[in-house]
Amino acid sequence: MKALLEVRDLRVSFGATEVLDGIDFDVYEGEVLAIVGESGSGKSVTALSMMRLLGESAEITSGSLRFSGRDLLELSEDEMRKVRGREIAMIFQEPMSSLNPVYTAGFQVAEVLEEHFGYSRKAALEKARELFEMVGIPAPEERLRSYPHELSGGMRQRVMIAMAMASEPKLLVADEPTTALDVTIQAQILALMKDVRSRFGTSVLFITHDMGVVASIADRMLVMYAGQIVEEGSVESLFESPRHPYTQRLLACAPSIGERKERLSVIEGFAPSPDAYPGGCRFHPRCSEAIERCSAEPPRLVRGVRCWVAEDS
Amino acid sequence: MHHVSLRAATLRAVWRFAFRRVFGIVLVLFVAVVLTFGALQYVPGDPILILLGDQSGDVELEARLRAEYGLDRPLTEQFVSYLGGVLRGDFGLSFRFASTPVKDVLATGLAISPVLALVALVLSVPLGIGLGTFAARRKGTLADSLTMFVLVLGISIPNFALASFLVYLFAVRVPLLPVAGWGTPAQAVLPLVLLIVPAMVYIGRLTRTYLLEVLQEDYIRTARAKGLREHLVIYRHALRNTLVPLSTSIGIIFGGLLSGTFVVETIFNIPGLGSLAIQSVFARDYPVVMAVVLLYTLFYSLINLGVDLLYGVLDPRIRLSS
């Protein structure tokens, strides 16, 4: 398989605090790659880094983002702008606040086509109507003229997906797109994303903390902990035989149907804050299998896992 | 079907809103008439005696004037006739200019003060928004600090001090502009500058604050993720949303400009409503004072109404709910 995006040694800092500690991964053409982790693990920062949309307080300090033959970090701001929304599109967690309240849904989708492809307003709105139909918005003609506050959360996320797919991007970055939605709506949005992905062959970088979502949509997954990738592999192999103790705990935490437990499984303790990462393996204070070496020496990512214990077995 | 009934409901809501607001304005004006009329009964001095001056011994003339001004009738009758007059736009007769209707006394000023305030508003809004946007886009830089310094300076210097300074600079030192008076465009420059500076400064500071707030919103991140050019992100997506809170402040500023003309007209000897009101107070020309108070009450009510209507235009979320 060909890599569409190659991320190498990506480091991001907020001031003096490093929140991404040299991330390496590839996104292959047409695949859905999930990044999984707790809040604060660095998964959203990773997603925003792909768009170079981190904001003023954060800075990409080193690394490269090779995307169809060029390094996104080398592009000028204007060149990067032409990549955004055209070659790489993004959808966000908060469908409530991600749309501008004073413009109609149709206009906000049409804007992408006007900006990147020089559509006239009329042609762009016509295309927007087709996109609304594609993402399963009922009465698309009328919904074009609806303002965000007139739409439900699920409808707004469909509008966001229509907006993202308007330019048929090569990569779709989805930052917890279903987290804020009701469970039934979540399932619909996931089904829509699968449909869109197979229709356009778009690669998807899917950020989530929900193992159920990973199982239903992703081909491969990365598990992040404290600004590092701790395990990577195909969804099947990781669900079947997770090697890193953290991945094992994460999977044990996800309750599944048909399995009645007296107590829900939890991971003891809290994810460490970026300005106080523990020495050695960053997970060792919470790890039940930690050996002496874990607190002394930081493990490296070897054959898909960053763990002294797993590596030795 | 659903759409049509929604439209009809909206229309009904709009009518209800308009009716309520117009009724409210009428009520406010009625209260203002009661208050000004009531206050007039308690102010010291008999206007007719003042009007008579050295002819104060002339009993026959005094009686004739009292009849002409309606002051010989019972208070309730005077009030009813005054109220009736106000409804027809007739504010009675001036005390200072004997036998002249108040509305003729007001005519000159009415053509000056509201126009002056409106022109100042129309100029200060884009200037203020421009300055605020300039500063917000350069947040934390020297350009931002300098702009903010100038804006703070503009707010801190009192109007009359700035007036003396400007008159000294542009009328005395470098005689480009006339010192005072009214009638030529050159005579309007300094008064307008004096009205515009504080309004522009106020709008500028608010714009910067609101814009920095809006720029943190998720939909701004969405606009950037779409690959929109920066000026579209700023003007189309961010600034457009600051107009909603700004419109309230702009209404207040318009009110401030209308009363701000009082000071400016006095400084530059402009025959506007402001100088007229002040002269009328000193001359105990109460019918004129009352008329000016009522006019300003009407202006403020209309500004409030205007701002509320503007809200509906600017924010689709308010359109239906009001």
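Across the interface of chain B and chain A, 4 salt bridges are found. That is a good place to begin a walk through this predicted model.

**Where the two chains meet**

One bridge at this interface is easy to look up: the side chain of Glu111(A) pairs with that of Arg236(B), with N and O 2.7 Å apart. Alongside the salt bridges, 15 residue pairs, both members at pLDDT 80 or more, make polar contacts between chain B and chain A. On the side of chain B that touches chain A, two or more residues come from each of helix 10 (218-225), helix 11 (230-268) and helix 14 (316-321) of chain B. Helix 10 of chain B gives the largest share of that side, with 6 residues. Sorted by class, the residues of chain B that touch chain A are 9 charged, 6 nonpolar and 5 polar.

In total, chain A brings 29 residues to the contact and chain B brings 20. Putting the two chains together buries about 2,400 Å², and carbon and sulfur atoms account for 54% of that area.

**Inside chain A**

Chain A has its own internal meeting place. Its domain assignment gives domain 1, made of 1-87 and 170-268, and domain 2, which covers 97-166. The C-alpha centres of these two domains are 26 Å apart. Between them, 17 residues of domain 1 of chain A are in contact with 13 residues of domain 2 of chain A.

About 1,300 Å² is buried between the two domains of chain A, with 69% given by carbon and sulfur atoms. Which residues of domain 1 of chain A lose the most area to domain 2 of chain A? They are Arg86(A), Ile189(A) and Leu192(A), which together make up 33% of what that side buries.

Between domain 1 and domain 2 of chain A there is 1 salt bridge. Glu115(A) and Arg81(A) form a salt bridge, their closest N and O atoms lying 3.2 Å apart. The two domains of chain A also share 5 residue pairs in polar contact, both residues at pLDDT 80 or more. On the side of domain 1 of chain A that touches domain 2 of chain A, helix 2 (77-83) and helix 7 (183-200) of chain A each supply at least two residues. Helix 7 of chain A gives the largest share there, 8 residues. By class, this side of domain 1 of chain A holds 9 nonpolar, 5 charged and 3 polar residues.

The table sets out values for the two contacts.

| Contact | Buried area | Carbon and sulfur share |
|---|---|---|
| Chain B and chain A | about 2,400 Å² | 54% |
| Domain 1 of chain A and domain 2 of chain A | about 1,300 Å² | 69% |

**A look at chain B**

Chain B is also assigned domains: domain 1 spans 2-101 and domain 2 spans 113-270. The C-alpha centres of domain 1 and domain 2 of chain B are 36 Å apart.

Further along chain B comes helix 12, residues 273-282, whose buried residues are Leu273(B), Gly274(B), Ser275(B), Leu276(B), Ala277(B) and Ser280(B). What covers these buried residues of helix 12? Among the covering elements of chain B are helix 5 (102-110), helix 6 (113-137), helix 11 and helix 13 (286-314). Just past the end of helix 12 of chain B, Arg284(B) has a positive phi of about 55 degrees.

Technical notes. Residues are numbered from 1 along each chain as its sequence is written. Chains are lettered from A and ligands numbered from 1 in the order in which they are written. This is a predicted model: local features need pLDDT of at least 70, side-chain atom pairs count only at pLDDT 80 or more; totals for chains, interfaces and linings use all residues. Side-chain values use heavy atoms; hydrogens and water are left out. Domain bounds come from an automatic or database domain assignment. Contact means heavy atoms within 4.5 Å. Buried area is the accessible area (1.4 Å probe) that two parts lose on being put together, summed over both. A polar contact is a pair of N or O atoms within 3.5 Å; within protein, one must be able to donate a hydrogen and the other to accept it, and residues adjacent in sequence count only if both atoms are side-chain atoms. Helices (H or I, at least four residues) and strands (E, at least two) are DSSP runs, numbered from the N terminus. Ala, Val, Leu, Ile, Met, Phe, Trp, Tyr, Cys and Pro count as nonpolar, Asp, Glu, Lys and Arg as charged, and the others, Gly among them, as polar. Buried means under 20% relative accessible area, exposed over 50%, partly exposed in between (1.4 Å probe, protein chains only).
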